[in-house]
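Please keep the model open in your viewer and make each selection as it is named. The stops follow one another from a helix to a bond and then to a surface.

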Amino acid sequence: MATTADNRFIHSKPARLIALLVAALIALLFFSLWGKTVEQLIAGQPAQEVIIAGQDLKKDNPALTECLATRVGHVDTLKSEGTINDKQYASFKERAEALCNSQNPS
């Protein structure tokens, strides 16, 4: 069983300051690693594309190529008809590409 001295330190001001310092350091670490990405997402900008070892995945996966042509083609049609604006176009296109990539992994 824990002694009274152990409980006193856990509930003391120095222990709380140590916990606050650790939390601040963790938050700083997360911000330094992913801060730019989080800022882009909050601003509604599309995330940057990740290139995997210089591969062109569309050449290796015809189902992916067909899906992208269909889905992104629909989004292009919506934009050309004036149904969606530029910001919506970027978002819809990104989601169409993500859907095709998830349905047709290489």
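The expected span of a helix is taken as 1.5 Å times one less than its number of residues, and helices themselves are DSSP runs (H or I, at least four residues), numbered from the N terminus. The model is a predicted one, in which local features need pLDDT of at least 70 and side-chain atom pairs count only at pLDDT 80 or more, while totals for chains, interfaces and linings use all residues. Residues are numbered from 1 along each chain as its sequence is written, and side-chain values use heavy atoms, with hydrogens and water left out.

Begin by selecting α4, residues 62-81. For its 20 residues the expected span is 28 Å, and the end C-alpha atoms are 28 Å apart, which agrees.

Next, colour the buried residues of α4, namely L64, C67, L68, V72 and V75; buried means under 20% relative accessible area, exposed over 50%, and partly exposed in between (1.4 Å probe, protein chains only). Looking down the axis of α4, you will find these buried residues within an arc of 100 degrees, so they line one face of the helix; the arc is that of the directions from the helix axis to the C-beta atoms. Turn to the other side of α4, where the exposed residues are P62, E66, A69, H74, S80 and E81. Just after α4 comes G82, whose phi is positive, near 85 degrees.

Now return to C67 and show its side chain together with that of C100, since a disulfide joins the two, S to S 2.1 Å. The pair links distant parts of the chain, with C67 in α4 and C100 in helix α5 (residues 86-103), 33 residues apart. A disulfide is counted here when two cysteine sulfur atoms lie within 2.5 Å, and a search of the whole structure finds one. The torsion about the S-S bond is about -80 degrees, so this disulfide is left-handed. C67 is buried at a relative accessible area of 11%, and C100 is buried at 0%.

For the last stop, which residues make the nonpolar surface patch of about 1,100 Å²? Select F9, I10, I18, V22, I26, L29, F30, L33, W34, V38 and I42. Both α1 (4-10) and α2 (13-43) supply at least two residues of the patch, and the largest share, nine residues, comes from α2. Within α2, pick out V38, which counts as partly exposed at 42% relative accessibility.

Such patches are made of residues with over 30% relative accessible area and no salt bridge, with like charges joined within 9 Å and nonpolar side chains (Val, Leu, Ile, Met, Phe, Trp, Tyr) within 5 Å. A salt bridge is a side-chain nitrogen of Lys or Arg within 4 Å of a carboxyl oxygen of Asp or Glu, and accessible areas come from the Shrake-Rupley method with a 1.4 Å probe, only the protein chains shown counting as cover for residues.
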